[in-house]
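Reader: I would like a close look at how the strands pair in this model, starting from the N-terminal end. Please carry on from there to the ring contacts and to any odd backbone angles, and say how each term is defined.

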Amino acid sequence: MEQYNYKRELKGVSDQWHKLILPDEIFGKTLPGLTDIRIFGITASNDTIEVPYLLRLTTEKISSKEIAFKTLNTSQNDKGYYFTFEIPTTEPITQIKLGFKQENFDWRIKLEGSQNLNDWFTIVENYRILSIKNEITDFQFTKLIFPSSKYRFFRLLVDSKEKPELTDANITQLVIRDGKFRNYPIKKFIIAEDRKKQETTIDIELQMPVPVSYLNIDVKDLFDYYRPITILHIYDSIKTEQGWKFSYNTLTSGTLNSIDKIGFKFGSTTVKKLKIIIHNLDNRPLTIDSIQVKGYEHELIVRFTEQASYFLAYGNKSSTRPLYDINLFTEKIPFDLTELTLGNEQTIKKSDIPLTEPLFKNKAWLWAIMSLIIIVLGWFSLKMIRKK
């Protein structure tokens with residue numbers, strides 16, 4: 001354990017399996033990827049044992065099942081164009097993905113459900129679908145997502161003067177088990193406009209280094225927009241005579257648009273400072289209202305086999321990722337696990353390395369010996385000269 005810088009006592013160990021939620025404060029003191037986290041136990045005979053664990057992020061669990069359907073008919077009236085589908089099973093659906101021959105459109109959709117083709121009930125209305133394709137943009141948003149609905153018949157109404165040429169439709173049942181996010185407060189953020197580059201830059205500083213995997217930007221403007229965006233984080237810095245210079249890594253890139261406002265997800269990365277670059281092209285800059293930064297909870301699934309006092313240890317720059325057997329037998333881990341609590345952080349004291357003492361601690365002794373050597377050499381030199 002002395003190879004690590006910090007430790008926290010584990011409290012509440014009573015079963016073979018437990019889970020431990022990692023606190024935000026430790027991420028700034030660990031290696032990227034948390035490869036230097038260990039759990040040690042001190043037995044009654046003062047032996048040190050290492051305990052295996054499995055690191056898990058509390059991400060969403062998504063499962064989808066495609067539902068078979070039949071297209072019954074298409075029709076038109078003064079309200080628009082209708083497409084009617086029959087679902088021959090009793091499976092509920094949550095999503096319809098539409099494909100059209102047209103490459104550029106901006107339509108409003110109404111979706112209804114019925115059991116008998118006579119009584120129709122509104123599921124969603126005024127739902128916007130959009131497609132843009134030109135020399136600089138290729139964007140499509142044609143996915144309808146709605147609460148789980150169980151009807152035998154579904155009817156789409158497309159509000160369009162032009163006849164939509166429907167090429168395909170995928171109807172699916174989407175089951176999502178929400179992940180557990182932590183909201184990370186922003187210490188400060190600075191917005192700057194570069195008119196020459198036609199860019200808006202947003203520099204964000206969080207209160208401490210934390211694992212970030214989601215970012216959302218709230219835009220105050222009510223008009224439609226579609227802007228390329230890049231999200232970066234600082235991974236290194238160096239101080240020069242001109243000031244600090246930062247090196248950045250890209251977390252993700254995409255489009256900030258007025259249609260799909262679900263935010264940006266990327267691989268969990270421990271960061272403290274972020275940079276957002278919005279490419280405005282020839283458009284006026286957007287008015288940023290607020291920014292949300294989130295990250296998944298990180299939990300350790302731990303297996304105990306002996307009675308001991310247990311500690312979470314971390315902070316070792318030379319450590320590598322541990323290889324434990326339990327990573328290969330995850331199906332044997334119980335579903336319901338009791339959560340452990342952590343004690344306060346303690347700095348691990350290092351054993352003093354014995355230093356080799358110099359022969360002469362006082363420099364006066366060294367000067368005295370050198371003077372004596374010079375005198376002796378001088379005396380021998382004079383004696384040899386007299387003999388000649």
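Author: Two strands are said to pair if DSSP finds at least two bridges between them. The strands themselves are DSSP runs of E with at least two residues, numbered from the N terminus. The model is a predicted one, in which local features need pLDDT of at least 70 and side-chain atom pairs count only at pLDDT 80 or more, while totals for chains, interfaces and linings use all residues. Residues are numbered from 1 along each chain as its sequence is written, and side-chain values use heavy atoms, with hydrogens and water left out.

Begin with strand S1, which covers residues 6–11. Its pairing with strand S24 (residues 309–314) is antiparallel and is made by 4 bridges. Within that pairing, Glu9 of S1 has Phe311 of S24 as its bridge partner. S1 also pairs with strand S27 (residues 346–347), again in the antiparallel sense, over 2 bridges. Here Tyr6 is the residue that stands opposite Thr347. A further antiparallel pairing, of 2 bridges, is made between S1 and strand S26 (residues 341–342). In this case Lys11 faces Thr341 of S26. To follow S1 on the structure, then, look for Tyr6 against Thr347, Glu9 against Phe311 and Lys11 against Thr341.

Next comes an open sheet. It consists of 4 strands, ordered S6-S15-S9-S13, and the pairing is antiparallel. Its edges are strand S6 (61–66) and S13, each of which pairs on one side only. Inside that order, strand S9 (residues 93–100) and S15 are held in antiparallel pairing by 6 bridges. One position to look for is Gly99 of S9, whose bridge partner in S15 is Asp168. S15 itself runs over 166–177 and S13 over 143–149.

The edge strand S6 contains Ser64. Accessibility is sorted here by relative accessible area with a 1.4 Å probe on protein chains only: under 20% is buried, over 50% is exposed, and anything in between is partly exposed. Ser64, at 56%, therefore counts as exposed. Its C-alpha atom is 26 Å from that of Leu328, a residue 264 positions away along the chain.

Now the rings. Rings of Phe, Tyr and Trp (for Trp, the six-membered ring) make a pair if their centres lie within 6.5 Å; planes under 30 degrees apart are called stacked, over 60 edge-to-face, and the rest tilted. By that rule the structure has 14 aromatic pairs. One of them joins Phe121 and Tyr151: the ring centres are 6.3 Å apart and the planes meet at 15°, so this pair is stacked. The contact links distant parts of the chain, since Phe121 sits in strand S11 whereas Tyr151, 30 residues away, sits in the loop between S13 and strand S14 (153–159). Phe121 has a relative accessible area of 46% and is therefore partly exposed. Tyr151 has a relative accessibility of 21%, so it too counts as partly exposed. Tyr151 also makes a pair with Phe154; with 5.9 Å between the ring centres and 85° between the planes, that pair is edge-to-face. Phe154 has a relative accessibility of 1% and therefore counts as buried. Elsewhere, Phe100, Phe105 and Trp107 make up one aromatic cluster.

Two loop residues are left to inspect for their backbone. Asn46 has a phi near 70°, which is a positive value in a residue other than glycine. Asn46 lies in the loop between strand S3 (38–42) and strand S4 (48–50). With 61% relative accessibility, Asn46 counts as exposed. Leu117, also not a glycine, likewise has a positive phi, near 70°. Its loop is the one between strand S10 (105–114) and S11. Leu117 has a relative accessibility of 40%, so it counts as partly exposed.
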